[in-house]
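Welcome, and thanks for taking a look at this one with us. Please open the structure below and keep it at hand while you read.

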Amino acid sequence: IVARWQPRWDAKTTWLGSLSRFDDREPVAPPQARRVALVWGAGGTDVTEEQIEAARRATTGWSWTVCRDAGPDALWDSLQDSAVVVGHAGQNVVSEIAAARRGSVIIAQRRPHDEQHFTVHGLEEAGVSHGLPAWPDPAAWPALLESAARIDTARWSRWTDGAGADRCAALLDSLALGERR
């Protein structure tokens, strides 16, 4: 997915695609179990424990696991064990969800340059996730999870093909050799 970009920057832009520490792993099909992994990164969150608990209560039949500061293997296992992933729109979290190929609800958090709001717009536009500008009311969660579980997760291949890190390494090699400015 190529973002809208100002043409004056095209000559100095190299599109790599998403980079994930899980790009070398093969995702499994989403489970039939109605499980949600809530993934927050180190950048903080606007969402309170009370809001999370209200979403849990509103989604009877769904089991929620909060993943904070999980090691890579534990995070990957949580992603693979979940039918839906809920997370913020930081690039690392989005890349991990993309590598896991999961239906998702991605929620923008406040950041100095509003970059997460641009990300959720792009995800929503691409049809790979439900991208939201803020944490929704509890009543919205049942329909959001059901809809996210039905997203065609093969669409994530438009966000990442798993080779972004290889393209980045090749670019850095060419820069080191003076082949590209």
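## A serine next to the sheet

Ser82 sits in the loop that leads from helix H2 (72-80) to strand S3. Bear in mind that this is a predicted model. Is Ser82 buried or exposed? Its relative accessibility is 4%, and since buried means under 20%, Ser82 counts as buried.

Which residues does Ser82 touch, once those up to four places away in sequence are set aside? They are Pro31, Arg35, Val36, Ala37 and Arg102. There is a polar link here too: a polar atom of the Ser82 side chain lies 3.4 Å from the backbone nitrogen of Ala37.

## The sheet as a whole

Let us step back to the sheet. Five strands form an open sheet in the order S2-S1-S3-S4-S5, and their pairing is parallel. The edges are taken by strand S2 (63-67) and strand S5 (130-132); each has a single partner strand, so one side of each is left without a neighbour in the sheet. From one strand to the next, the twist averages 15°.

As general background, strands of a sheet pair through backbone hydrogen bonds, either parallel or antiparallel.

## Strand S4 and its partners

How many residues of S4 are buried? Five of the five are, so S4 is largely enclosed by the rest of the structure. In a regular strand the side chains alternate between the two faces of the sheet. Here, Gly103, Val105 and Ile107 point one way from S4, while Ser104 and Ile106 point the other way, and all of them are buried.

On one pairing, strand S3 (residues 84-88) runs parallel to strand S4 (residues 103-107), and five bridges join them. Among the bridge partners, Val85 is matched with Ser104 in S4, and Val86 with Val105. To get from S3 to S4, the chain passes through helix H3 (residues 91-100), and this β-α-β crossover is right-handed.

S4 also pairs with S5: the two run parallel and are joined by three bridges. In this pairing, Ile107 stands opposite Leu132 in S5. S4 and S5 form a right-handed β-α-β unit together with helix H4 (residues 115-126).

## Two backbone angles to check

If you like to inspect backbone torsions, two loop residues deserve a click. Arg101, in the loop between H3 and S4, has a phi near 55°, which is a positive value in a residue other than glycine.

The other is Asp114, in the loop between S4 and H4. Asp114 also has a positive phi, of about 55°, although it is not a glycine. Its relative accessible area is 38%, so Asp114 counts as partly exposed.

## Helix H2 against its surroundings

Which residues of H2 are buried? They are Leu75, Trp76, Ser78, Leu79 and Gln80. An α-helix has 3.6 residues a turn, so residues three or four places apart point the same way. The buried residues of H2 pack against S1, S2, S3 and H3.

## An arginine–glutamate contact

Arg21 belongs to the segment before strand S1 (35-39). With a relative accessibility of 45%, Arg21 counts as partly exposed. Which residues is Arg21 in contact with, leaving aside its neighbours within four places in sequence? The answer is Pro72, Leu75 and Glu96.

The partner to zoom in on is Glu96. Arg21 and Glu96 are 75 residues apart along the chain, and their C-alpha atoms are separated by 7.3 Å. Their side chains are joined by a polar contact of 2.5 Å.

## Cysteines

How many disulfides does a search of the whole structure find? The number is zero. As for the surroundings of individual cysteines, Cys67 has 6% relative accessibility and counts as buried, whereas Cys168 is partly exposed, with a relative accessible area of 22%.

Note on methods: Residues are numbered from 1 along each chain as its sequence is written. This is a predicted model: local features need pLDDT of at least 70, side-chain atom pairs count only at pLDDT 80 or more; totals for chains, interfaces and linings use all residues. Side-chain values use heavy atoms; hydrogens and water are left out. Two strands pair if DSSP finds at least two bridges between them. Helices (H or I, at least four residues) and strands (E, at least two) are DSSP runs, numbered from the N terminus. Axes are lines fitted to C-alpha atoms, for helices over the stretch in contact, and angles run from 0 to 180 degrees between N-to-C directions. A disulfide is a pair of cysteine sulfur atoms within 2.5 Å. Buried means under 20% relative accessible area, exposed over 50%, partly exposed in between (1.4 Å probe, protein chains only). Contact means heavy atoms within 4.5 Å. A polar contact is a pair of N or O atoms within 3.5 Å; within protein, one must be able to donate a hydrogen and the other to accept it, and residues adjacent in sequence count only if both atoms are side-chain atoms. A crossover is right-handed if, with the strands pointing away from the viewer, the path from the first strand over the helix to the second runs clockwise.
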